[in-house]
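Me: Could you walk me through one part of this structure up close, starting at a single spot and following whatever it leads to? I'm in my first year, so please keep it relaxed and spell out the reasoning as you go.

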Amino acid sequence: MEKIKIGIIGAGRIGRIHAENLGRLHEAEVLAISDPFADDSLRKWALELGIGLVTTRSEEVLDHPAIDAVLICSPTDTHVPLIKQAAAAGKHIFCEKPVSLSIEQTAEALEAVRSANVTLQVGFNRRFDRNFRRARELVLSGEVGQPHLVKITSRDPAPPSPEYIRSSGGIFMDMTIHDFDMARYLTGSEAVEVHAFGSVLVDPVFAQYDDVDTVIVTIRFENGALGVIDNSRQAVYGYDQRIEVFGSGGSVAVANDYPNTAEVHTASGVKRDKPLHFFLERYTEAYIEELKQFVSALGGSIPVPVDGRDGYQAELMALAARHSLKLNRPVRLDEARQLRKLATTHEGGM
Ligand SMILES: NC(=O)c1ccc[n+]([C@@H]2O[C@H](COP(=O)([O-])OP(=O)(O)OC[C@H]3O[C@@H](n4cnc5c(N)ncnc54)[C@H](O)[C@@H]3O)[C@@H](O)[C@H]2O)c1
């Protein structure tokens, strides 16, 4: 079978992980990577992976005649113009989350994808975690019955840099967005209303950027189910990623993943090592699986597992949560679209 030829835009944390993971797939080959700050160390790394072209210009990747698909792994505020350019060039697209910080711009990008008739997958990697996927299967198969409650805990081991916080789009767009997607994925239902509560308890720098570091979001779904998400930018005991779906027939829960199962029992107590450190360690296999499925979808053997609509709906939940926090009341998703039009808040803040 002919390999799918891929170009990567953005060689930061996630771009490099995806490049390395694609190197393990027989069905795909990375031909080029672009980053405005490409330097000798990037060239050396790319050479070791067998990537032939390293460039500072994304156009060289987008216009490359042999490339079938691009992975957009640059900062979020660059995604929409790059999606439009890629679609116009007839390239299939994998775009990191979130598609953008503005649902209007995301809608425009999705329209460009639709009219160019190219494929778009959005980088909600947690859907590909084997344990979360099993929970979803148990909901789909009816084993836990009608879903009544979904609970998601998602806490980072340490906050990001002030520079990152400044341009992140705020905690709901940057961090909770994964949990909004997970809530939709696990319940199989759309959210109709969210109510968000937030505090600055970890670092006052979040307040400087009109952001918060600790949140609770409650969700009401179309099918009547209720959800609760809690996030913290700093869990001192490590990356905390747990879910539970409770339904009419039972419940399914997923605990944290650990680097080992060793437990130490002594006179002073019982202890074990911290959970896997952060997203790169916790979701190593999920990142590989999401690209395997992207490549399979391009080959036509499966539907795209996470499409543009999934990206849009999670962003709409994030937007509603942001308004809910500001207004100190629940906000419906259809109302969030209207409030957005009236909003004067800048994109960089929460
Ligand atoms: N799915 C996940 O688990 C996950 C994890 C981390 C980041 N992300 C997302 O991935 C994206 C990148 O995040 P990151 O953590 O890798 O950031 P990063 O800052 O580590 O890397 C971004 C890279 O893009 C480069 N860049 C900037 N402008 C560019 C342009 N116009 N064209 C090409 N490259 C450009 C930068 O020089 C940098 O090397 C963000 O949208 C982020 O939300 C997703």
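Reply: Let's start with Asn328. With a relative accessible area of 60%, Asn328 counts as exposed, because the cut-off for that word is over 50%. Keep in mind that this is a predicted model, so treat what follows as a reading of a prediction. Asn328 sits in the loop between H12 and S15. Its backbone is worth a look too: phi is positive, about 60 degrees, although Asn328 is not a glycine. Most residues other than glycine have a negative phi.

Now step to either side of that loop. On one side is helix H12, residues 308-327, and Ala318 lies in it. Is Ala318 buried or exposed? Ala318 is buried, because its relative accessible area is 1% and buried means under 20%. For a sense of distance, the C-alpha atoms of Ala318 and Leu47 are separated by 39 Å, and the two residues are 271 apart along the chain.

On the other side of the loop is strand S15, residues 331-332, which is an edge strand. That brings us to the sheet, the part I'd like you to picture. Seven strands make an open sheet, and reading across it you meet S12-S11-S7-S10-S9-S8-S15. The pairing in this sheet is mixed. S12 is the other edge strand, and like S15 it pairs on one side only.

Let's travel across the sheet and stop at two pairs. S9 (residues 214-221) and S10 (residues 226-232) are antiparallel partners, joined over 7 bridges. If you want a landmark there, find Thr218, which stands opposite Val228 in S10. Further over, S11 (residues 240-247) and S12 (residues 250-254) are also paired in the antiparallel sense, over 5 bridges. These two strands form a hairpin with 2 residues between them. The landmark here is Ile243, whose bridge partner in S12 is Val254. While you're looking at strands, here's a handy rule: in a regular strand the side chains alternate between the two faces of the sheet.

Hold on to Ile243, because it turns up again on the list of residues around the largest cavity. How many cavities of 30 Å³ or more are counted? The count is 1, and the largest cavity has a volume of about 50 Å³. S7 (147-155), H8 and S11 each give two or more residues to its lining. The lining residues include Gln241, Arg242 and Ile243, and also His178, Asp179, Met182 and Tyr283. Sorted by class, that lining has 5 nonpolar, 4 polar and 3 charged residues.

Helix H8 (171-187) also links us to a second space, the largest pocket. The largest pocket has a volume of about 1200 Å³. There are 45 residues lining the pocket, and those closest to its centre are Arg13, Ser74, Pro75, Thr76 and Tyr164. Which helices supply at least two residues of that lining? They are H1 (13-22), H4 (79-88), H7 (162-167) and H8. Domain 1 (4-118) and domain 2 (127-283 + 312-341) each provide at least three residues of the pocket lining. In terms of class, the lining has 18 nonpolar, 16 polar and 11 charged residues.

One last comparison takes us back to where we began. Asn117, like Asn328, has a positive phi without being a glycine, and for Asn117 the value is about 55 degrees. Asn117 lies in a loop as well, the one between H5 (103-116) and S6 (120-122). Asn117 is exposed too, because its relative accessible area is 68%, and the cut-off is over 50%. Its C-alpha is 8.0 Å from that of Ala87, a residue 30 positions away along the chain.

There's a backbone oddity on the other side of H5 as well. Pro98 is in the loop between S5 (92-95) and H5, and the peptide bond from Lys97 to Pro98 is cis, with omega near -20 degrees. Most peptide bonds are trans.

How values were computed: Residues numbered from 1 in each chain as written. Predicted model: local features only at pLDDT ≥ 70, side-chain atom pairs only at ≥ 80, totals over all residues. Heavy atoms only, no water. 1 Å grid on protein atoms, 1.4 Å probe; cavity = no way out; pocket = protein on both sides within 12 Å on 5 of 7 lines; lining within 4 Å. Points joined across faces, edges and corners; volume = space filled by probe spheres on them. Helix = DSSP H or I, 4+ residues; strand = E, 2+ residues; numbered from the N terminus. Nonpolar A, V, L, I, M, F, W, Y, C, P; charged D, E, K, R; others polar. Domains from an automatic or database assignment. Pairing = 2+ DSSP bridges. Buried < 20%, exposed > 50% of the residue type's maximum accessible area, 1.4 Å probe, protein only.
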